[in-house]
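New to this one? Take a look at the model below, and then we'll walk through it piece by piece.

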Amino acid sequence: MGFYGTLGIAVTGLQAQSNKIGIISDNISNLNTIGYKESFANFGSLVVNDQESIYNGLGVASRNVQRVSKQGLLQNTNSTTDLAISGNGFFIVNTANDGSGQTQYTRAGSFSLDSAGNFKNSSGLFLQAWALDRQGVPNTTLQSLNITALGGTATATDAIAIGVNLNASEVAVLGAGSPAELDPLDLLNTGISAGDIIVPNSVNSIERGDVFNITTGGALSYDFRYGGFSIGRNVTDITAAGNGDNGLNIISSPTTLGTDPITSVGAGSGDVVITHTAHGLQAGSVVVLNGASAVGAITAPQLTGTFIVTAVTPNSYTITTTGVEPGAAVAGGGAAVIATTRPYAGNIFDATNAAAAFLGTTGIGNIDTDALNFTITTGAGSATTFTYTAASPNALLGQFNNLNNLATAINSVSALTARVVNGRLHVGASDSNDSITFTNGQTAGSSGPPVQYGLDWVGELGLIDIATGTNRFSTLENLAANIDASTGLEATVINPLGASSLEINLDDPLDTITFSDRSVVLPTILGGSAYTTTAGSNLLTITSSVAGLQPGDAITLSGLLVGTYNGIPETALNGQFTVQSVGAGTFTIAISVPPGTITAGSFGAGTETLFAASNHGSLLGQLGITDSLNSAPFPAADPVPTTGVLGPAYDPNGTFTPAPFPLLLNGFTTTAGSSSIDITATIPGLQVGDIVTISGLAAGTYNGIPDTDLNNTFIVQAVTGTTISITVPTDPTSVTAGSFGLGGELVTTINDKNMASGGIAPQFSRSITVYDDLGTSHDLNIGFIKTGVNEWAAEVYAVPNTSVTTTAGDGLLAYGPITFNGDGTLATIDPLLTTALNIAWTNGAAASTITVDWGTLGLNDGLVQTAGPYNTTFATQNGAPVGELINITVADNGDVIGNYSNGENQRLFRIPLAQFVNVDGLQAINGSAFVETEESGFAALFEANSNGLGIISASQLESSNTDLATQLTELIVAQRSYQFNTRLIETTDTLLEDLVRMGGS
């Protein structure tokens, strides 16, 4: 190799070292350049080999190589838009904000927002990202990350969670039913207290033995029977049959015994029997014997005087004398007999009205002391004696002297109840199912001297014993007790001491109820030996099987022809009677004739009828549950008065769309004296108990009803075909009969059977505000009512209901039952409540799908039921209203999260990272950026922290990976190498000069 070759080699050395010094200078100058990747000089020798394989060096060549794969240190910053990659990968950037420029790759993450809202780094390159939808799913088409369109975002609610303690001590909501208030047209019973006896009346024709029925949709059925009390004789009517000293007339003219025999009863007895056909006397009657002569062993003085009849047969009676020896019957000696039944003037015990004193005329001078009282005993064992006291009786001590204060004395006993109505005493046990027995103190009296009279209080007052019964009532209090004792039913007495009423309801608010009067039982035709009498007894046994007949019921006999039947005139048989006892195929009644006139035997002509109906009248009309009969006859055949099916009281799905219905001309019909009116209007789906509102009637009075009472809201009382019955708040006495209607008035129906409608108030509710896609807030109410033991009904509904469109109406979105275990944890939740709510908003927002989390079955992490106050432990939802973008944060997976003024955080973009097969093969360009080459391979995009890529760190930047100490060391080495090369040139030049000098010499 020549000297000139040596110079060439030295020149390449200078060039290579100069290039290295330049690279080092570039590295040092970019020591603070974010994301800068240092370069180094890669040297290579230049060699030419000749044919003899002699080495011929040509010097050195160098090229620039960047250490792209080497990561620089990460440094913290205060900007959330500064980004660094910890690990492998590159940000994807573009030279144009619309993505139309050159795609480049960088680790220089010093991004900031430009005026247009773009993420742009210090080199002016626009960061590229994937946009995310609301569910966080990326659109993998790259776009410049821009936040100008992200302000004012809203998050639609799609999940609700609620935790509530429902009070286990809450009383369950009552089911369907009806109020029971005594018919205001019945002046005898209106306004009485709950413990007062409801007396029979003609307004609704009710009689003892009448029955009404309650049937539920759950197949429960109960009959309730009116009765269980005794009705006395009318003290005020002395002319009526059966009145006036127990129906016996005073015999004022003497009766001659003639040859009637007198028979001694036996040795040692003063009793003698006097035979006289059809004498008409009864035990306790007084006879006066005068002028009898001695007959046999019976002396005249022994047969002269006043005597008490102690026993009777139809043709004989017994008196008691003194000193009569046993002997045979003897004929009478023509003695005169003056006989009288009672020594009382006028009506019952001298009383002619309920306030008149008993024994006021007669006095008590000749009354046996024991005869001044009688006793009432109940089957429960309560026996109370009531005593006649002439002056200032004390009712609390059981004292009385007239019918009114007798009723007061009876009422002072807790086990008994009594009323005087129209001169008749009504007496019963406080428990109408209990029996009552009436017992006189002393009825026979004694002959004295002086004569002591007995008193038949029971017979004179016309009271009869009552046997026990079932589901029998005489008062509203009794009826309430019987209903309460019936499974599935409940009754509440309202205002028990005043004008009382009842609320009758089902226990189950999801069940239905029907109130119906019983049909009339067709009269029984009696014949053959239907009637049986016993000598000396006024009890008549009737052979007839009457279903359900009970003691105390009322029956009616009719059709007996004129005549006398075993001593009983037909006038005493054709009428109404109280059943005394009921046997197998028989029952017994009492006849108001002297027992001594009745002979033993049976009779029956075969044409008379027994009217022993299960209904004489309408108990439902009497109780105001259906329309009053208003003295109209009770229907003899079906359909009897009935409410039809009522309820259920709680029926979230039983709604129908509210709509106005124009009434027909003459659409209103009134009845004189009744506040119940009928309306002609066909309203599909309308039921008894629903609510209707009437409007449009002009000012004025309509058949006695002011327009203000008609333009009102009413509860439907009955629905029959196209006729609706309601009750207006008008004094019924002012209502006249007729029809009216101008055709323009309206009836609006609403459903009042769920919480959403407001018809049933929730026992507890919680409002939760949710948001639609527009960011509009809506209130959803979650309401609860208790329906049974450990059972609740829940509803989710919008308030106001106009904010949503639902098929159920009322804004109702979901409903269903919820049950709890005995430990208060959730047992079951209806699937309708756990299925996602599909809510159609009326404000133009997209429909929402919201799932309600009620808690976990068997746990107490949501709804619980304990015996404590209602308490909301949490009520959350995941939506948010419209909010302004406050700042941006970036997650380590590259998700760009917007933080809004409404407290919401929304994932908006995802920044992907680029991956290359050979990162050091990338070509560096201005701005610490690179472009792909064939040597690097094509970019593959992946989410950060996946596929071997690093994570993205916000508020950090990657420093230059240049090591200053290394660069300075390399610079010294390059300097020395450069110097050595210059020395080589200098040495070669000296040698050439020497060579030239040699040649010139």
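## Getting your bearings

Before counting anything, here's how the pieces get their names: helices (H or I, at least four residues) and strands (E, at least two) are DSSP runs, numbered from the N terminus. By that reckoning, the protein has nine helices and 76 strands. Keep in mind that what you're looking at is a predicted model.

The protein runs to 1001 residues, and buried ones make up 48% of them. The surface it exposes comes to about 42,200 Å², with carbon and sulfur atoms supplying 54% of that. How many of the contacts between residues at least 6 apart in sequence join residues at least 24 apart? The share is 66%.

## The largest core

Now for the inside. The largest nonpolar core has 41 residues, and the members that touch the most others are F358, F386, I410 and L425. Several elements give two or more residues to this core: the strands β25 (373-378), β26 (383-388), β28 (416-421), β29 (424-429) and β30 (436-440), plus the helices α2 (403-411) and α3 (457-461). Which element gives the largest share? That's α2, with five residues.

L425 is a good place to zoom in. Setting aside residues up to four places away in sequence, L425 touches S230, I231 and G232, then L403, L406, A407 and I410, and also A418, R419, V420 and L463. Apart from this core lies another one, of 35 residues, with I192, I197, I206 and L479 among them.

## A closer look at α2

Since α2 gives the core its largest share, let's see how the helix sits. Its buried residues are L403, N405, L406, A407, A409 and I410. The cover over them includes β25, β26, β27 (399-400), β28, β29 and α3.

The N-terminal end of α2 has a cap, too. N402 does that job, with a side-chain oxygen 3.1 Å from the backbone nitrogen of N404.

## Two buried spots: T378 and S544

T378 is found in strand β25. Is T378 buried or exposed? Buried means under 20% relative accessible area, so T378, at 5% relative accessibility, counts as buried. Leaving aside neighbours within four places in sequence, T378 is in contact with A415, L416, A429, D434, S435 and I436.

S544 sits in a loop instead, between β37 (539-543) and β38 (554-558). S544 counts as buried because its relative accessibility is 10%. Not counting residues up to four places away in sequence, S544 touches T524, L526, G585, T586, F587 and L610.

## Two open sheets

Next, some sheets. One open sheet has four strands in the order β18-β19-β23-β22, with antiparallel pairing. Its edges are β18 (262-264) and β22 (311-313), each pairing on one side only. Ignoring direction, neighbouring strands of this sheet are turned by 25° against each other on average. Inside the sheet, β19 (residues 271-275) and β23 (residues 316-320) run antiparallel and are joined by five bridges. If you'd like one pair to find on screen, I274 has Y317 in β23 as its bridge partner.

Another open sheet has five strands in the order β31-β15-β14-β34-β45, and here the pairing is mixed. The edge strands are β31 (472-473) and β45 (642-646), and each pairs on one side only. Strand β34 (residues 513-517) pairs with β45 over four bridges, in the antiparallel sense. Look for F515, which stands opposite G644 in β45.

## A strand covered on both faces

In a regular strand, the side chains alternate between the two faces of the sheet. Strand β5 (residues 91-94) is covered on both faces: F91 and V93 are buried on one side, and I92 and N94 are buried on the other.

Which strands does β5 run antiparallel to? One is β6 (residues 103-106), joined to β5 by four bridges, with Y105 in β6 as the bridge partner of I92. Another is β9 (residues 126-132), joined to β5 by two bridges, where N94 stands opposite F126.

Conventions:
Residues are numbered from 1 along each chain as its sequence is written. This is a predicted model: local features need pLDDT of at least 70, side-chain atom pairs count only at pLDDT 80 or more; totals for chains, interfaces and linings use all residues. Side-chain values use heavy atoms; hydrogens and water are left out. A nonpolar core is a set of buried Ala, Val, Leu, Ile, Met, Phe, Trp, Tyr and Cys residues joined through side-chain atoms within 4.5 Å. Buried means under 20% relative accessible area, exposed over 50%, partly exposed in between (1.4 Å probe, protein chains only). Contact means heavy atoms within 4.5 Å. Two strands pair if DSSP finds at least two bridges between them. Axes are lines fitted to C-alpha atoms, for helices over the stretch in contact, and angles run from 0 to 180 degrees between N-to-C directions. A polar contact is a pair of N or O atoms within 3.5 Å; within protein, one must be able to donate a hydrogen and the other to accept it, and residues adjacent in sequence count only if both atoms are side-chain atoms. Accessible areas come from the Shrake-Rupley method with a 1.4 Å probe; for residues, only the protein chains shown count as cover.
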